[in-house]
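Me: I should like to work through this structure step by step, with the reasoning given for each point. Please show the structure before we begin.

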Amino acid sequence: MNLTRITDPEEAARLHYCESLFLGTVLPPGPLSVCDVGSGAGFPGIPLAIYREDLNVTLLEADQRKAVFLREAVRGLPNASVLNERLEQCSSKFDWVVSRAVAKSGVLSENLAPCVALLTSIGESREFSEVIRLPWGINRILAIRCST
């Protein structure tokens, strides 16, 4: 199963792991409930759960095959779980929603959490109150919006 289009190890480290861990440094101290929407291969949710034990991370994935993979990937990780549902069907509430590979319009419109953090490209920064340029790559940002 192809979980990511990125195959170069250096690019995978930078875009998957470094971005996920950078997000972990920006989220406020916990305990917090975090939903990784469209988790796919588990980014940023799994690195977040490993790096921040104070977070309770739910990996929300609509694709059944990817959800099966994610359940195996988080087995033994006590602060991570998988929810095999579409974003529009999810009735759970969280402190934060995070994502790196989904359309921002869906994440912002569903109101799963008062705060949203998206790892995205610079062109997607409208509608966010805080934009942090990532230390690598001129076009990558962390866009944050809180309605509290």
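Me: In this predicted model, which side chain meets Glu 19 in a salt bridge?
Reply: A salt bridge requires a side-chain nitrogen of Lys or Arg within 4 Å of a carboxyl oxygen of Asp or Glu. The N to O distance for this pair is 3.5 Å. The partner of Glu 19 is therefore Arg 100.

Me: How many residues apart in sequence are the parts that Glu 19 and Arg 100 tie together?
Reply: Glu 19 lies in helix H1. Arg 100 lies in the loop between strand E4 (96-99) and helix H4 (104-109). The salt bridge therefore ties together parts whose separation in sequence is 81 residues.

Me: Is Glu 19 buried or exposed?
Reply: A residue counts as buried under 20% relative accessible area. The relative accessibility of Glu 19 is 0%, so Glu 19 is classed as buried.

Me: Is Arg 100 buried or exposed?
Reply: The same cut-off applies, namely under 20% relative accessible area for a buried residue. Arg 100 has a relative accessibility of 17%, and therefore it counts as buried.

Me: Which residue is linked with Glu 19 and Arg 100 in a network of salt bridges?
Reply: The structure holds five salt bridges. Glu 19 and Arg 100 belong to a network of such bridges. The further member of this network is Arg 140.

Me: What is the N to O distance in the salt bridge of Glu 72 and Arg 75?
Reply: Glu 72 is partly exposed, at 47% relative accessibility. Arg 75 is exposed, at 60%. Their side chains meet in a salt bridge with an N to O distance of 2.1 Å.

Me: With which residue does Glu 88 form a salt bridge?
Reply: Glu 88 is partly exposed, with a relative accessible area of 48%. Its partner is also partly exposed, at 46% relative accessibility. The closest N and O atoms of the pair are 3.3 Å apart, and the partner is Arg 86.

Me: Why does Glu 61, although buried, have no salt bridge, and which side chain of opposite charge is nearest?
Reply: Glu 61 is placed in the loop between strand E2 (55-60) and helix H3 (64-74). A salt bridge needs the two atoms within 4 Å. The nearest side chain of opposite charge is 4.8 Å away, so no salt bridge is counted. That side chain belongs to Lys 66.

Me: Which cysteine forms a disulfide with Cys 115?
Reply: A disulfide is a covalent bond between the sulfur atoms of two cysteines. The structure holds one disulfide. Its sulfur atoms are 2.2 Å apart, and the partner of Cys 115 is Cys 146.

Me: How many residues apart in sequence are the parts tied together by Cys 115 and Cys 146?
Reply: Cys 115 lies in strand E5 (residues 115-121), and Cys 146 lies in strand E7 (residues 140-146). The disulfide therefore ties together parts separated in sequence by 31 residues.

Me: What is the torsion about the S-S bond of Cys 115 and Cys 146?
Reply: Cys 115 is buried, at 7% relative accessibility, whereas Cys 146 is partly exposed, at 34%. The disulfide between them is right-handed because the torsion about its S-S bond is about 125°.

Me: Why is the sulfur of Cys 90 not bonded to the closest cysteine sulfur, and in which residue is that sulfur?
Reply: Cys 90 is buried, with a relative accessible area of 8%. A disulfide requires sulfur atoms within 2.5 Å. The closest cysteine sulfur is 5.5 Å away, which is too far for a bond, and it lies in Cys 35.

Me: Which residues touch the most other members of the largest nonpolar core?
Reply: The largest nonpolar core contains 27 residues. A second, separate core of 16 residues includes Cys 35, Leu 60, Cys 90 and Ile 141. In the largest core, the residues that touch the most other members are Leu 23, Val 34, Trp 96 and Leu 142.

Me: To which residue does the cis peptide bond from Phe 43 lead?
Reply: The bond is cis, with omega near 5°. The residue that it leads to is found in the loop between E1 and helix H2 (45-51). That residue is Pro 44.

Methods:
Residues numbered from 1 in each chain as written. Predicted model: local features only at pLDDT ≥ 70, side-chain atom pairs only at ≥ 80, totals over all residues. Heavy atoms only, no water. Helix = DSSP H or I, 4+ residues; strand = E, 2+ residues; numbered from the N terminus. Buried < 20%, exposed > 50% of the residue type's maximum accessible area, 1.4 Å probe, protein only. Lys, Arg positive; Asp, Glu negative; His and termini not counted. Core = buried A, V, L, I, M, F, W, Y, C linked by side-chain atoms within 4.5 Å.
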